[in-house]
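Colleague: Can you walk me through this model? Short answers are fine.

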Amino acid sequence: MPQIFTTEYKGPALEKPIKVTVNTGLFIDGKFVDPIEKGTIDVIDPTNGKKIVDVAAGTAKDIDVAVEAAQRAFKTVWGTKTPGVERGRLMNKLADLMEQNIHEISAIEAVDGGKLFIHALTVDVQQAISNMRYFAGWADKLQGKTIETDDSKFAYTRHEPIGVCGCIVPWNFPIMITSWKLGPALATGNTIILKPSELTPLSALKFAELASQAGFPPGVINVVPGYGSTAGQAISEHPLIRKVSFTGSTLTGRKIMEAAAKTNMKRVTLELGGKNPNIVFDDADLAQAVKWSTLGIFHHNGQMCAAGSRIFVQEGIYDKFMHAFTEASRTLQPGSTFDASPTVQGPIISQTQFDRVMNYIASGKSDGAKVHTGGDRIGKQGFFVQPTIFTEAKPDMKIVREEIFGPVAVVVKFKTEEDVIAMANDTSYGLASNVFTTNLARATRISNALEAGSVYVNMASVPDFRVPFGGYKQSGQGKEMGEYALEAYTQQVQRKQLPGRPRRRRPDGVGVALDEETVDEDTTEDDTVEDDTDDIIDDDVIVAEEGVDDVAEDDRDGVMEDDVEEMMDDDFVDVADDGFADVEEECLEDVEEEDVTECRTDEEEDDEPALLDSIVDEDDATELEEAGSEDVEALE
C-alpha cells in the first residue's frame, strides 16, 4: 500500500502551524495504488538540497492501466454520459475543497517548488481555484450550430469531447498549470491522465485526493508521477490517448509532436519556451516600469516561460532606468519558504537547473557581455543564484538568444520604434511581450507589430484565467485559459440529415416506402407513419420501426432485421440478423450527390510504430541547455 506523507510547517508567514498529508502512490481509477514496477522518485527541497519524501514512479505499464480506466470512464460514466450541469457541479465542489484546504495546498506548493508561501497562497493556488470555477461555469454552455443548406436537408454541428487526454505539467507552477489543463478538459467531458513533473508531484497528488472527495467517478482523473523517458513517453505514444497538452521546453515539445504524428495522430497543445522582450520607452512611468520589469524577470527566479528577460530601454530614459532597476534587484535576498517578506528570493528548482543557469552566466561573461550586477551563487546550501543583469551584450550571444530560465536579464539600449521592433522580433520564440509607455497610440502600434501571442502594456506578463494564453513561432501552438481553451478539448463534428419518406405498414408489419404516385386519397394517417423516420445516424438516415427510434451507431449490433431498415432514395437496405449491414458505395447509385454527404464505414486506426526513445534524459544536459528549458525535468 502507498505510504502517507505527513509533516507540519511553521514560519513567520503562518498564523499557525500547517499540517500536511499527501498520499505518495499513483492515483488510478479512483484509488491510490503502488506502481507495477515498484519504482520511487526522491522529491527534493531546493532550499537545502535535502529529500522531502519518496513518491511512486509510474512507468508505461502504469500508464496502460490508467488509460484503460480513463477509457472505461469516458465510455460509461463521463463524457456525454454525464450532463454538463453535473460536470460543472463536481468541478465547483472540487474548487470548494481546494479553497477549504488552501493553506495546506499552498504549503505543499511552496516547499515542493521552492517558492514563497505567500506567493503560492495569493497567486498560484488562488488562480487554480478561480480557474476551476471559471470552467465549471462553461460545462453546461457548450453549443453547436444549425446550418442552412437547402429546404431538403437539416445540418448541425456538435462540440464533442475528444476522449482520454494526457496532460503533462511542468515544475514551475504545478497546481496552477494543472488547473489550466484540467479545467477545460473536464468541463468538456474528457477523462485525464495527469503527469506532474517528478520534481514537484506533491500538489497534483493532493489534487487527486480532493477530486475523489468531490465525487468524480473513478477513472475520470488519474495522476501518474514519473519520468519523461517512461511515463511521458508512454503518454505521447499511447494509441488510446487522443490528445496531449504539454507545457515545457521547445525541445521536448518537438519530440511530443513527432510522437503524436508517428503513432495515432493525436491532437497536441504546446505551451513552450520564450525569450520575451520588455520594452521601456522614454515617456514611460519610470517607477511603474521598474517595478513591473523587476517582477517580470525576477519573480520565481525567472523560472517562467513568459519572463521578460530581454529588456530594451530607450536611450532618453536608459540611465535613470538602470539605476532604479539595479537598486530594485539588490533588494531581493534569499530567505525561508515561510518568510513573511515579499522581497525574499527563492532557489532554483534543482541542481541540474542551477548548473544550467550558472553555465549561461559563464557564457555571457566569456562572450564579452558586462555583468552589471549579480552573477554569482548565494551561499553553499540550496540552489540560490544572485539576480543578474547583463549589459553590452551582442545580438548573437547565447544569453540574448536562448531561454535561460533563471534570474538573468539582458538590458539593451535603443533609439527608435523601428529599431526596437526589429530587435524584439529577432527571436525564434514568440510567447509574450511587455510594453511601457504613456502614449496609447504608440502602445497600440507597438503591440500590433510585435510577434507574440500576448502583449502586456504597462505591466508584466501576468496571465488571467479568463484570457487565452499561448505563443507564436516556437513558443507553441494552441491556447490555454479562457473560452478559447475549450476548443483544444473538443472536436467539432457535423451531422447532416435527409428527411424521412412516408411509408405504410404491410400486414407482416414491415414498412414500405411510398412513392408519390402510390399515395392516394384513401391513405390515412394510420397508414403512413412518417414520424417514425426521424432517426439520425452519423452518416445516413435510418428509417426505424416502432419502438426503435434513435438507434445510435454503437448499438447497431443489437438491432434485429425486423426492427430497423435503412432507406436510400426509394430502396431499402436489408439489415443482417446480427446487426446493421454496411452501407456500400453501390447503395448510392440512385442518390443525388447533394442528398448524401457521407456513406462509409468506420475503420479502426492502424497501429503505428512507437517513437520517442526518450523524451528527456537527465544526462542530455547539453541539448537541453541549448534549448533553454522551461521544463528541464518535467518529463524526466
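Colleague: How many bridges join β7 to β8?
Modeller: Two bridges join them, and β8 covers residues 154-161. The two strands run antiparallel. Strands here are DSSP runs of E with at least two residues, helices are runs of H or I with at least four, and both are numbered from the N terminus. Two strands pair if DSSP finds at least two bridges between them.

Colleague: Is this predicted, and how are things counted? What should I know?
Modeller: This is a predicted model, where local features need pLDDT of at least 70, side-chain atom pairs count only at pLDDT 80 or more, and totals for chains, interfaces and linings use all residues. Residues are numbered from 1 along each chain as its sequence is written, and side-chain values use heavy atoms, with hydrogens and water left out.

Colleague: Back to β7. Which residue of β8 is the bridge partner of isoleucine 147?
Modeller: Alanine 155.

Colleague: What is the strand order in that sheet?
Modeller: The order is β7-β8-β28, in an open sheet of three strands with antiparallel pairing. β7 (146-147) and β28 (490-497) stand at the edges with a single partner strand each, so one side of each has no neighbour in the sheet.

Colleague: Which strand does β14 pair with?
Modeller: β14 pairs with β15 (residues 310-314), in the parallel sense, over four bridges. Asparagine 278 stands opposite isoleucine 311 in β15.

Colleague: And the side chains of β14, buried or exposed?
Modeller: Pro277, Asn278, Ile279 and Val280 are all buried. Pro277 and Ile279 point one way, while Asn278 and Val280 point the other way. Buried means under 20% relative accessible area, exposed means over 50%, and partly exposed is in between (1.4 Å probe, protein chains only).

Colleague: Zoom out. How many helices and strands are in the chain?
Modeller: The chain has 16 helices and 33 strands. Of its 636 residues, 56% are buried.

Colleague: Which residues have the most contacts inside the largest nonpolar core?
Modeller: Met98, Leu186 and Phe216, in a core of 101 residues. Helix α4 (residues 117-138) gives the largest share of this core, 10 residues. A nonpolar core is a set of buried Ala, Val, Leu, Ile, Met, Phe, Trp, Tyr and Cys residues joined through side-chain atoms within 4.5 Å.

Colleague: What does phenylalanine 216 touch?
Modeller: Trp78, Leu90, Met91, Leu94, Leu186, Ala211 and Ile221, leaving out residues up to four places away in sequence. Contact means heavy atoms within 4.5 Å. There is also a second, separate core of 28 residues, which includes Val357, Phe414, Val435 and Ile446.

Colleague: Now α7. Why is it largely enclosed by the rest of the structure?
Modeller: Because eight of the 10 residues of α7 (residues 228-237) are buried. Among them are Ala231, Gln233 and Ile235. The buried residues of α7 pack against α1 (60-76), β9 (164-168), β10 (191-195), β12 (241-247) and α8 (250-262).

Colleague: Where is methionine 423?
Modeller: In helix α13 (residues 417-425). Methionine 423 counts as partly exposed, at 28% relative accessibility.

Colleague: Which residues does methionine 423 touch?
Modeller: Arg310, Phe312, Val412, Lys413 and Phe414, again not counting residues up to four places away in sequence.

Colleague: Pockets next. How much space lies in the second largest pocket?
Modeller: About 680 Å³. The closest of its 36 lining residues to the centre are Phe173, Leu295, His299, His300 and Met304. A pocket is an open set of points on a 1 Å grid over the protein atoms alone, where a 1.4 Å probe fits, with protein on both sides within 12 Å along at least five of seven lines; lining residues have an atom within 4 Å of a point. Its volume is the space filled by probe spheres set on the points, and grid points are joined across faces, edges and corners.

Colleague: How does the lining of that second largest pocket divide?
Modeller: Into 18 nonpolar, 13 polar and five charged residues. Nonpolar covers Ala, Val, Leu, Ile, Met, Phe, Trp, Tyr, Cys and Pro; charged covers Asp, Glu, Lys and Arg; the others, Gly among them, are polar.

Colleague: Histidine 300: where is it found?
Modeller: In the loop between α9 and β15. Histidine 300 is buried, with a relative accessible area of 9%. Its phi is positive, about 50 degrees, although it is not a glycine.
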